[in-house]
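Here are a few exercises to work through with the model open in your viewer. Try each task before reading its solution.

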Amino acid sequence: MDVYALVTDEPLDVTPIEEFVQDSANGAVVTFSGVIRNNDDGRAVSGLDYEAHPEAQRFLEECCQIVAAESGLRVAAAHRTGELTVGDIALVASVAAPHRAEAFTACARLVDLLKLTVPLWKRQHLSEGVAEWVGL
């Protein structure tokens with residue numbers, strides 16, 4: 001099944017990702033945008049750095065293919081790397097389906113799967129000047 005998967009250091013645009021999954025048979029498009037927030041566990045965060053394994057895009061594509069095969073739906077995901085600030089979009093995952101319930105389920109499955117399997121690493125910068133790796 002044809003999927004859209006992208007790892008890039010460029011800002012993410014939701015529109016082409018949603019356009020990829022949508023077609024006239026679908027009445028629901030569910031899109032998740034992971035946005036850099038200004039806090040983590042009560043600590044102020046000023047930004048994040050994402051680093052990717054050289055084959056991260058292949059892993060992301062495999063996640064999209066798995067969810068597409070399981071659901072029979074069109075699936076797309078993109079993840080940004082590099083230095084991101086509060087308010088930037090780090091992740092976009094989108095799924096289209098005839099009805100909302102299956103689109104929500106598939107999109108949640110996609111996000112959970114890629115967070116578990118795509119080799120991306122996150123370092124957060126705290127306002128007090130400390131940087132720490134998250135999830136290692």
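**Exercise 1: Placing the strands**

In this predicted model, G34 has L91 as its bridge partner in β7. Work out how β2 and β7 run relative to each other, parallel or antiparallel, and how many bridges join them.

*Solution.* Start from the G34 and L91 pair and follow both strands outward. β2 and β7 turn out to run antiparallel, with eight bridges between them.

Next, go to the other partner of β7. Six bridges join β5 (residues 74–80) to β7 (residues 89–97), and this pair is antiparallel too. A handy marker here is A77, which sits opposite A93 in β7.

Then carry on to β1 (residues 4–8), which pairs with β5 over five bridges, this time in the parallel sense. Look for T8 facing R80 in β5.

Now put the pieces together: you get an open sheet of four strands in the order β1-β5-β7-β2, and the pairing is mixed. β1 and β2 (28–35) each have a single partner strand and stand at the edges, so one side of each has no neighbour in the sheet. On average, neighbouring strands here are turned by 5° against each other, ignoring direction.

**Exercise 2: Helices on the sheet**

Find which strands helix α2 touches, and which strands helix α3 lies across.

*Solution.* Take α2 (residues 56–71) to begin with. This helix packs on the sheet and touches β1 and β5, its direction making about 155° with that of β1.

Move on to α3 (residues 100–117). That helix lies across β2, β5 and β7, and runs at about 145° to β7.

Finally, check how covered β5 is: six of its seven residues are buried, so to speak of the strand as mostly covered is fair.

**Exercise 3: A closer look at D49**

Decide whether D49 is buried or exposed, and find the side chain with which its own side chain makes a polar contact.

*Solution.* First locate the residue: D49 is in strand β4, which spans residues 43–52.

Second, apply the cut-off. Buried means under 20% relative accessible area; D49 has 10%, so it counts as buried.

Third, look at the side chain. D49 makes a polar contact with the side chain of H125, at 2.7 Å.

Last, list the surroundings. Setting aside neighbours within four places in sequence, D49 is in contact with G82, E83, W121, K122, R123 and H125. H125 thus appears in the contact list as well as in the polar contact.

How values were computed. Residues numbered from 1 in each chain as written. Predicted model: local features only at pLDDT ≥ 70, side-chain atom pairs only at ≥ 80, totals over all residues. Heavy atoms only, no water. Helix = DSSP H or I, 4+ residues; strand = E, 2+ residues; numbered from the N terminus. Buried < 20%, exposed > 50% of the residue type's maximum accessible area, 1.4 Å probe, protein only. Polar contact = N/O pair within 3.5 Å; in protein donor to acceptor, adjacent residues only side chain to side chain. Contact = heavy atoms within 4.5 Å. Pairing = 2+ DSSP bridges. Axes fitted to C-alpha atoms, helices over the stretch in contact; angles between N-to-C directions.
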